Amino acid sequence: MRVRASLLAVIAATTVAEAQPADPYGPTPAPAPPAPAPMPPLPAGEDPVLAEQIAQSLVVRAQELLDARLFADARQLANEALAKSPNGTAAQQATFILQEIDKALGLTKPAPPPEPVDLTPIKDLTEPTQPLPPQPEAPTPATGDKVLAARVHAGLYGGLLGATIGAFFSEDTPAGGAVPLGIALAAGGAYAGPKLFGKLDWDEAQIRTLGMGSVWGGVIGGFLGDAVSVDNSSSRSVLVGASIGSTVLGLAGAGLASKHKLTRGDVALMDTMAGIGAVGGLTLGLLMQPAEGEAYSVNAILGTGAGLLVGYVAAPSTNTTPRRMLRVAGLAAAGAAIPFALYGAIHDSESTGDDRAVGTLSTIGLVAGAYLGFRLTRGMDAGLDVPEGNAAKVDDAPPAVVGRHSDGRWALGSLAVQPLSPALAPQPGMAMPLVGGTF
């Protein structure tokens, strides 16, 4: 029994020892916590050119789906294009597609309800508790004297007609009848002109427009009357040509004035450019030294016509007033006249080199004076070149390289790329409008 108890004790001790064996290397340390996973690198900025190309592809597909009346899919692609390139050309086209989808589905936003009206009694405002802030004064267009403009242009036209008719009273002394009759009809025209334009209810800009056509028509017609008769020009032919030209272009000016598109500044610009063209044609004649003197008249005709055309095209997009154009014309005239001060010192009757030199310097001075005038008067009378009694100019030309607005102005636009509709082209593509207009 004692032996059996000892054996059982040995077995129990052996069992306990095997259940908890001793670590020969010492106590086991606690496991370390797992290291945090490294953060993924931030994505680099996407190339805006690639984003715009992807957005363009999405817009093209959205347009196709819109044409197929798959509005849900077209809306999804248009929104993806906006998210891909929110500031590019594709964003404008995607916005247009979304608007067309809303129109097709009748999802246009209703007008907001009117604000409630406060029916509380109005307090006495004769003595405000706080001073009102100063209101900026809007520039008002300068108004001239339309009576004076009517007297001047009607008097000039009447005087021209009177001189032309009086020149035929005497073949030997045409001036004997041209001078008194011209003065008489000039006075009559100056007296009757304001009454006539008063019945038409025209403003000064319209009167100046008609007068511009009459004056420069007379200049062109007079030079033409001299040019048609080589070596045989007479005062009568010049007066007849001037009267015909003044009447014809005066009627054209009246038609332009009836549209009421030109301002006083626009007319002043056209007058200035026509004068520069006429003088430039004559100074170029000195440089050319033509075989016949009538070439000077041809040069003046071409220069005057070119000046009127340039002024008419440039007038709607410029800020010009009669006060500014008076300074430009004065500097241009001074630049053309200064070289003639040298003519007396370098004149040589046996050579044409002096004439060519003066003509060259005068032409350069004319152009330089005009450029200097425009340069020095930049910003003068800003905001005053507006039609009298009319609203501001409206910019409503469609997106195109060259656009025409509803008020008749032509202006340079911007590049606008649009996706082609499958109804217009057999395969997807892009289009860039060159000319667009609103009438």
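**Close-up views of a predicted model**

**View 1. Arg208 and Glu204 form a salt bridge, with 2.8 Å between their closest N and O atoms.** The model shown here and in every view is predicted. Both residues belong to helix α7, which covers residues 204-227. They sit four residues apart, about one turn of the helix. In an α-helix, residues three or four places apart point the same way, because there are 3.6 residues a turn. How exposed is each partner, Arg208 and Glu204? Arg208 is partly exposed, because its relative accessible area is 23%. Glu204 has a relative accessible area of 4%, so Glu204 counts as buried.

**View 2. Glu204 also forms a salt bridge with Arg264.** The closest N and O atoms of this pair are 2.9 Å apart. The pair links distant parts of the chain. Arg264 is in helix α9 (residues 264-288), while Glu204 is in helix α7. The two residues are 60 residues apart. Are Arg264 and Glu204 buried or exposed? Both are buried. Put the two salt bridges together, and Glu204, Arg208 and Arg264 are linked in a network.

**View 3. Glu100 and Lys103 pair up in helix α4.** Their side chains meet in a salt bridge, at 4.0 Å from N to O. Why are these two residues about one helical turn apart? The reason is their spacing: they are three residues apart in helix α4. Glu100 is partly exposed, because its relative accessible area is 26%. Lys103 reaches 56%, so Lys103 counts as exposed. Across the whole structure, a search finds six salt bridges.

**View 4. The largest nonpolar core has 16 residues.** Which residues have the most contacts inside the core? They are Val59, Leu66, Ala81, Ile97 and Ile101. Three helices, α2 (48-67), α3 (71-84) and α4 (89-105), each supply at least two residues of this core. Helix α2 gives the most, with six residues. Take Ala81 as an example. Ala81 touches Ala55, Leu58, Val59 and Ala94, not counting residues up to four places away in sequence. A broader pattern is worth knowing here. In soluble globular proteins, nonpolar side chains tend to be buried together.

**View 5. Helix α2 has the span expected from its 20 residues.** At 1.5 Å a residue, α2 should span 28 Å. Its end C-alpha atoms are 28 Å apart, so the two values agree. The buried residues of α2 include Ala51, Glu52, Ala55, Gln56, Leu58 and Val59. Val60, Ala62, Gln63, Leu65 and Leu66 are buried in α2 too. What covers the buried residues of α2? The cover includes α3, α4, β3 (418-419) and β4 (430-431).

**View 6. Arg69 takes a positive phi just after α2.** Its phi is near 65 degrees, and Arg69 is a residue other than glycine. Where is Arg69 placed? Arg69 is in the loop between α2 and α3. At 56% relative accessibility, Arg69 counts as exposed.

**View 7. Asp381 has a positive phi although it is not a glycine.** The value is about 55 degrees. Asp381 lies in the loop between α13 (353-376) and β1 (402-404). Is Asp381 buried or exposed? Asp381 is buried, because its relative accessible area is 14%, and buried means under 20%.

**View 8. Five residues make a nonpolar surface patch of about 420 Å².** They are Phe168, Val240, Ile244, Val248 and Leu249. Leu249 is placed in helix α8, residues 235-259. At 30% relative accessibility, Leu249 counts as partly exposed.

**View 9. Met288 is in contact with Asn299 and Arg356.** These contacts leave aside the neighbours of Met288 within four places in sequence. Met288 is found in helix α9. How many residues separate Met288 and Thr352 along the chain? They are 64 residues apart along the chain, and their C-alpha atoms are separated by 9.9 Å. Met288 has 46% relative accessibility, so Met288 counts as partly exposed.

Note on methods:
Residues are numbered from 1 along each chain as its sequence is written. This is a predicted model: local features need pLDDT of at least 70, side-chain atom pairs count only at pLDDT 80 or more; totals for chains, interfaces and linings use all residues. Side-chain values use heavy atoms; hydrogens and water are left out. Patches are made of residues with over 30% relative accessible area and no salt bridge: like charges are joined within 9 Å, nonpolar side chains (Val, Leu, Ile, Met, Phe, Trp, Tyr) within 5 Å. Accessible areas come from the Shrake-Rupley method with a 1.4 Å probe; for residues, only the protein chains shown count as cover. Buried means under 20% relative accessible area, exposed over 50%, partly exposed in between (1.4 Å probe, protein chains only). A nonpolar core is a set of buried Ala, Val, Leu, Ile, Met, Phe, Trp, Tyr and Cys residues joined through side-chain atoms within 4.5 Å. Contact means heavy atoms within 4.5 Å. The expected span of a helix is 1.5 Å times one less than its number of residues.
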